[in-house]
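Let's take a walk through this fold, one neighbourhood at a time. Keep the viewer open and follow along.

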Amino acid sequence: MKRERATRLLADVITRLEDGGWPLGLVEEVYVFGSYARGALEPNDVDVVIEHGTDRRWLGESLDASTNGRDSYVGMRQALRGRTRGISFQFRGRSSLPDEGFELFLLWRKGEPFSLARERLASLTADPAAGPAPRNHMLTEFEGLESMVPRPARIELFGRHAKGRISITPLRLVDGDLEDSEAAWHVRRRWVETSPLRRAATCALVALEQRGVDLSEVTLHGQRLFGRDQQAERCFVDLRTASDLWGVSWTAE
């Protein structure tokens, strides 16, 4: 993206934090790192570290999300960036990222005036010599998908692949009809016909079905297809919408 747009995205984050509300009131520190912080004219995305506290509501919703296979940070991401894309959030990464060689730039700390955050943002000037930051923990299988695979997930998959615990295969998903009527019913029940997630779910399940996967062993977007908890889960499918549908399949060795 162009640097000007990246700057607007960060300015919008500051405004949302200033407006407050839950869960943004839990945010304690905001850092910027990566190619944008170094001055790149066209960063891949904007890398942001969020340090936050917790309260009873946060702990309750996080526990509910983890026990139901959902991402507990979905709500906070949406609150921080609204409906826009282009910011990659790393939650509670302040202590680990410097050890990996990343320099963190403090944008805002709780208790500081938000005018100071805007001044700091303005101080991050462009540097034509600064190109996009190299993607760490990258595999050839991630090429073209790197912006869709969050850094923590990429690190985890890279590590398992490097140890030979999983194999990774990129798949281009195509439209099709499910042969498993129960799986098709599950998709229709969860999403209306016009939902892009319904199309993404159907395409992903068709691809698994064609590869001989028992769909009763699939967790689709945080929910078991048939609720047969006694069976071992073999596949986890998380959905993102795009003009082209891609998936990454990993299989335990």
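Start with a single rung of a ladder: E29 has E51 as its bridge partner in β2. Keep in mind as you look that this is a predicted model. Turn to the other flank and you'll find that E29 also has a bridge partner in β4, namely R109. A little further along, Y31 is bridged to V49 of β2.

Those rungs belong to two ladders. Strand β1, residues 27–33, is joined to strand β2, residues 46–52, by six bridges, and the two run antiparallel. With β4, β1 shares four bridges, again in an antiparallel arrangement. How much of β1 is covered? Mostly, it turns out: six of its seven residues are buried.

Now zoom out to the sheet itself. It's an open one, built from four strands in the order β3-β2-β1-β4, with mixed pairing. At its edges sit β3 (87–91) and β4 (105–109), each of which pairs on one side only. Going from one strand to the next, the twist averages 25 degrees. Helix α4 packs on this sheet, where it touches β2 and β3, and its direction makes about 135 degrees with that of β3.

Next, look at what α4 does with another helix. Helix α1 (residues 3–19) and helix α4 (residues 74–81) pack with their axes 7 Å apart, at an angle of about 110 degrees. Angles of 65 to 115 degrees count as roughly perpendicular, so that's the label for α1 and α4. Which residues make the contact? From α1 come V13, R16 and L17, and from α4 come A79, L80 and R81. Sorted by class, that contact has four nonpolar residues, two charged ones and no polar ones.

Two of these contact residues deserve a closer look. Take V13 first, which sits in helix α1. Is V13 buried or exposed? Its relative accessibility is 2%, so V13 counts as buried. Leaving aside neighbours within four places in sequence, V13 is in contact with L80 and I87. That second partner is a long way off in sequence: V13 and I87 are 74 residues apart along the chain, yet their C-alpha atoms are separated by 9.8 Å.

The other one is R81, in helix α4. You may want to check its surroundings, since this arginine is buried, with a relative accessible area of 14%. Neighbours within four places in sequence aside, R81 is in contact with R16, I87 and F89. I87 therefore turns up in the contacts of both residues, V13 and R81.

With those pieces in place, the core comes into view. The largest nonpolar core has 28 residues, and the ones that touch the most other members are L10, L17, V30, V48, I50 and L80. Which elements give two or more residues to this core? They are α1, β1, β2, α4, β3, β4 and α5 (114–123). The top contributor is α1, with six residues.

V30 is a good place to stand if you want to see how this core is put together. Setting aside neighbours within four places in sequence, V30 is in contact with L17, V48, V49, I50, F105, L106, L107 and W108. There's also another core, lying apart from the one just described; it has 15 residues, including A184, V187, L205 and L215.

One more stop, in a loop this time. G222 lies between β6 (218–220) and β7 (223–224). With a relative accessible area of 23%, G222 is partly exposed. Try locating S66 from there: the C-alpha atoms of G222 and S66 are separated by 9.4 Å, although their positions lie 156 residues apart along the chain.

Finally, step back and take in the whole protein. It contains eight helices and nine strands. Of its 253 residues, 40% are buried. And how far along the chain do contacts reach? Among contacts between residues at least 6 apart in sequence, 66% join residues at least 24 apart.

Technical notes
Residues are numbered from 1 along each chain as its sequence is written. This is a predicted model: local features need pLDDT of at least 70, side-chain atom pairs count only at pLDDT 80 or more; totals for chains, interfaces and linings use all residues. Side-chain values use heavy atoms; hydrogens and water are left out. Axes are lines fitted to C-alpha atoms, for helices over the stretch in contact, and angles run from 0 to 180 degrees between N-to-C directions. Angles under 35 degrees count as roughly parallel, over 145 as roughly antiparallel, 65 to 115 as roughly perpendicular and the rest as oblique. Contact means heavy atoms within 4.5 Å. Ala, Val, Leu, Ile, Met, Phe, Trp, Tyr, Cys and Pro count as nonpolar, Asp, Glu, Lys and Arg as charged, and the others, Gly among them, as polar. Two strands pair if DSSP finds at least two bridges between them. A nonpolar core is a set of buried Ala, Val, Leu, Ile, Met, Phe, Trp, Tyr and Cys residues joined through side-chain atoms within 4.5 Å. Buried means under 20% relative accessible area, exposed over 50%, partly exposed in between (1.4 Å probe, protein chains only).
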